[in-house]
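Here's a quick briefing to read alongside the viewer. Have the sequence open too, since we'll be hopping between residues.

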Amino acid sequence: MLRFGWLVVSLIALTPDVGRGQSVRRADLKPGLVLTITEPNQSPLSRLEPAVALTLAPGESPHPKLTAGESFTWKGYINILLPGKYRFDADLAGQLTVSVDGKPVFSASSPAEAIGSAQRVRGVEVELLPGIQPFVATLTRVGQPLRVDLIWSGPGFTAEPIPYFFFGHLPSQRPQNFAAAVAQEHGRFLFEEHGCIHCHRPTQPTAMMRTLVERTGPDLTEIGRRAYPGWLDAWLADPRKLRPNSVMPKLFADTPAGQAERYAVTAYLASLGGPVPEPKPVDGNQYRKSIGNGSKLFITAGCAACHGDKLTGPPTQFVNEDLDADEKPVFTPEDQFYSLGTAGPTGYYRLGHVGSKFTAEGLARFLLNPHATNPHGRMPNMTLSGSEATDIARFLARQQDDTLTKAMPREPKQKPAEGWIAFGQKLVIAKGCINCHTIAPGGKKLTATLSVPLPKPQAQPQTDAATSCLAEKPNVTQVPVFALNVNQKAALTAFLQTGFHGTGSESPVYQTRHAIKRFFCLNCHNRDGEGGIDPALSDMMKKLENAQNADDVQPPRLTGAGRKLRTPWLHQVLTQAGRARPWMTLRMPQYGPQNVGFLTHGLPKLEGDVTDETIGKVADTPATIAAGRELAGKTGFGCVACHDISGVPGGGTRGPDLATINQRVRHEWYVRWMHQPQRLVPGTKMPQNFINGRSQIDRFFQGEADPQIEALWAYLALGPGLPLPPGMEPPKGVVVAVKDRPELLRTFMPDNAGTKAIAVGYPGGVNLVFDAAQARIGYGWTGSFLNMTPVWTNRGGQPAILLGPKFWTAPAGHPWAVTASRTPPDFTKRAENPAYGRQLPQDALYNGPRLVHFEGYGLDTKGQPTFRYSLDDAETGKKALTVAEKPTPLPVSVAAGLLRTFAVQAPAGQTVWFLGGESSGAPRVYGPSGAPLPLDLKAAEVETPAVGSRVVLPRRERGAAVLELASGPPGTHWRFVPKEGGWWAVLRLPETAQPAVAEFSLAIWGLNRDDANLLKGLKAR
């Protein structure tokens, strides 16, 4: 199915009939531009392109047939909506000329040593009148790398790659061989998808062979454990009867001899790992509930996008009941970017009566890891959980064909001398089954022997004889019979004539375009106006989704995805199940690195861009970050109304988590998105916050757009754990909110905070938990306070939910110690010792001494708590230390933090230690002036004066913990103690001749990025 959206709006609804200089009937325009590629001693190649964009690294070609391509001409029409001044620019490596209505609008030559060094070349302003006007762009090589991305700016919009919906062309602009080229590409696609190369090879191997994409059938080594014998026999009789979209050919005649061969092969296959295990009994109510969940998941997870909502018939199609609606133009396969000559860029695969083949358990195993059975198959891993796979499998397994038996068919009367199984093994070799399928019983792979050479290049293939796969009526006793129609056979014939003639050059842009069709990307995504989830299916998905997701179930558009996404994130999305919207039921299919890993580099090149490994950097002063935080909040642009931020859900239809934006998208794309979201994604709900370079909010940077856009980026680039913006609403549930005074709750807390936890929420969005069992602050988090639903509803007793990200986590165990020497204790061992308050597993008993004692807390006039606790001496059992600790939140600037003020009753003549933090890398120390202090980490005792110094402790996951002793007794030192995987930062208090009270204040921040500029923004007061 082909679905065009904004192309129709732009080229039909918004334009006059006549462009200056030439009259064009709007209804005659087809999508995109005609690209013609030429090079010496080769016939020109043509195809449709959505825009003027292409990147070729040295050694790469626009088509496997060509060496590299010398000249590239895009021809068609451009839609100028408004009169005024326009400027055409280009990211360019090569020589480019561009004309509109015969008028030159750009001309430049820009050689480059590498595609990444291509320069942005600015053109001059030109005056253009509105209308559909002739357009020509010609790119010529001036060196090995070749790159072009044509960019324009004009009335009411800033610089952008020219969107596809401003271009169109007339069929008369296509060269004479255009239809033949489309047919040949269709033939190549069919040749690859049917696995023809596994049986047919040219008499002389050619360079073009290595450019063909691998496709194999499922591994049949244990097929007898997966599929019922009766289904296998019916499948061998006529694969297309069971699965109309299958590429599996018919191999057996409908004769007694053919039936006997089928029986033999079925008997052999059923012996491979068989028999099928009997289903396990399941409670009836549980089974019915599971089927209901599966039927819903089949729609909402996206299975129906490829398999249709009706498993045994055509999928539901959208019917436009608006009789007054404009009639949409009709596009043929030749008019499309991604169809490769097929009926459209999308495709469907009827599942048929799945329950006649699989048990629900067997199907669930397959759904969890389809590539284990078929690494080159078109069935992706849908990242289902075990229960989700079971639910979908049970739903699908209900579809059964009553005419099919699960048992072996009736045995033929005439038996082979060697026995059915041995005869079947001979047949799977002779019939060519193992040319496409792996069969390795006992780990020993059967070897293929069937090989049929292809005709020589440019020779006419024989299609009229019954011994040819492409014959009008092929003889099934001599050749496989594929369900190919007349047009498909003609396309394959066209490919076989010259398809193996060429240089066999590497062509990632060519392979990327084919992959979009091959893996049915446009069944869900829209790209350049083609594809997208069918409206009827979309309506079904909305009805089945929960309220927060039902507003928009469409996945992101693929238009410009290569320009938008950073390379590491694109790699995660394609090969590691990365998801920007993990709460959506709709899944991103995982086809495996072996099939789609190259798209990480291919997609940017297809769009005239290059890979992007770097994170966009902007000025990130404390003032800029503070402005960005305000702009993201409720009194700013209201980003919190829709977007998650650092794991905290937004208020409405959820948008991607903004705290990961610099990990996901390129900075240049982000800037364009902020300026003009509707031009990047027409119809998006993203508001237009900036108009003509001005902001609707003028209290920051005098209302200038670019400084505000940069400030937002600087704030969001702090990443997960950033200080949440003002007005971030807590989710629904039993929520405890903090207003003018701190809130304290004794409750169950997550993440090893113990069952004797005291949660404290302060006004301003900084919170902490005090573990009374171990007498320590466990961690701090920002944002709203607590969702108590798991604690107070149903049976209760479950940990509360933090309504914000953690910014700091304390080292494990009670942090205080007293020793008779200047050697600190092993804090790791103490953290595992129940004598120091470690929580024991459920039902475990401990009868030993309790050395840590929580002695309660008091509140000051502001409601802020001071926690009191003591530590006994492990040898004598007498009280060794008493502590009063008052934590207060530090002002949130570039990071959230706590100021911990201690009053410690210390014994005479002994050393008191406090474990302040831990690092996963080498610690750093800065003096009061901000200059780094020398630290010899190879010394026997690594120490530095503590008062006034700042300690940076890198964290393994990201960022750093920052400690600063704001005040304390003279002679207090930091001691850095090596530990497994890093270092402890331990405060050593000075010894005293008499018992004394030591008072000090320690500031602790959780820094999301270990950055010098951010360090300067931390204030301990």
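Let's start with a strand pair: S40 and strand S41 (residues 982–989) run antiparallel and share seven bridges. Keep in mind that this is a predicted model. From that pair we'll work outwards to the sheet, then to a helix elsewhere in the chain, and finally to the whole chain.

**The S40/S41 hairpin**
- Two residues sit between the strands of this hairpin, and Gly 981 has a positive phi there, near 80°.
- Across the pair, His 973 faces Arg 988 in S41.

**On to S37**
- S40 covers residues 973–979, and four bridges tie this strand to S37 in an antiparallel arrangement.
- Which residue of S40 is the bridge partner of Pro 945? That's His 973, the residue that also stands opposite Arg 988 in S41.
- Next to that, Thr 944 lies opposite Trp 974 in S40.

**The sheet as a whole**
- These strands belong to an open, five-stranded sheet with antiparallel pairing, and the order is S30-S35-S41-S40-S37.
- Strand S30 (816–819) and strand S37 (942–945) form the edges, each pairing on one side only.
- From one strand to the next, the twist averages 30°.

**Helix H20**
- Is helix H20 (residues 599–606) largely enclosed or largely open? It's largely enclosed by the rest of the structure, because seven of its eight residues are buried.
- The buried set is Leu 599, Thr 600, Gly 602, Leu 603, Pro 604, Lys 605 and Leu 606, so a lysine is in there too, with "buried" meaning under 20% relative accessible area.
- What do those buried residues pack against? The list has two strands, S6 (53–56) and S18 (526–527), plus helices H15 (508–518), H17 (561–564), H18 (567–575) and H19 (593–596).
- After H20 comes Gly 608, with a positive phi near 75°.

**The whole chain**
- The chain has 28 helices and 42 strands.
- Its C-alpha trace spans about 110 × 80 × 60 Å along the principal axes.
- Of the 1021 residues, 56% are buried.
- Among contacts with a separation of 6 or more, 69% link residues 24 or more positions apart.
- The accessible surface is about 43,900 Å², and carbon and sulfur atoms account for 53% of that.
- On the charge side, there are 107 positive and 89 negative charges, and their mean positions lie 3 Å apart.

Terms used: Residues numbered from 1 in each chain as written. Predicted model: local features only at pLDDT ≥ 70, side-chain atom pairs only at ≥ 80, totals over all residues. Heavy atoms only, no water. Buried < 20%, exposed > 50% of the residue type's maximum accessible area, 1.4 Å probe, protein only. Contact = heavy atoms within 4.5 Å. Areas by Shrake-Rupley, 256 points an atom, 1.4 Å probe, with all protein chains shown as cover. Lys, Arg positive; Asp, Glu negative; His and termini not counted. Charge placed at Lys NZ, Arg CZ, Asp CG, Glu CD. Pairing = 2+ DSSP bridges. Axes fitted to C-alpha atoms, helices over the stretch in contact; angles between N-to-C directions.
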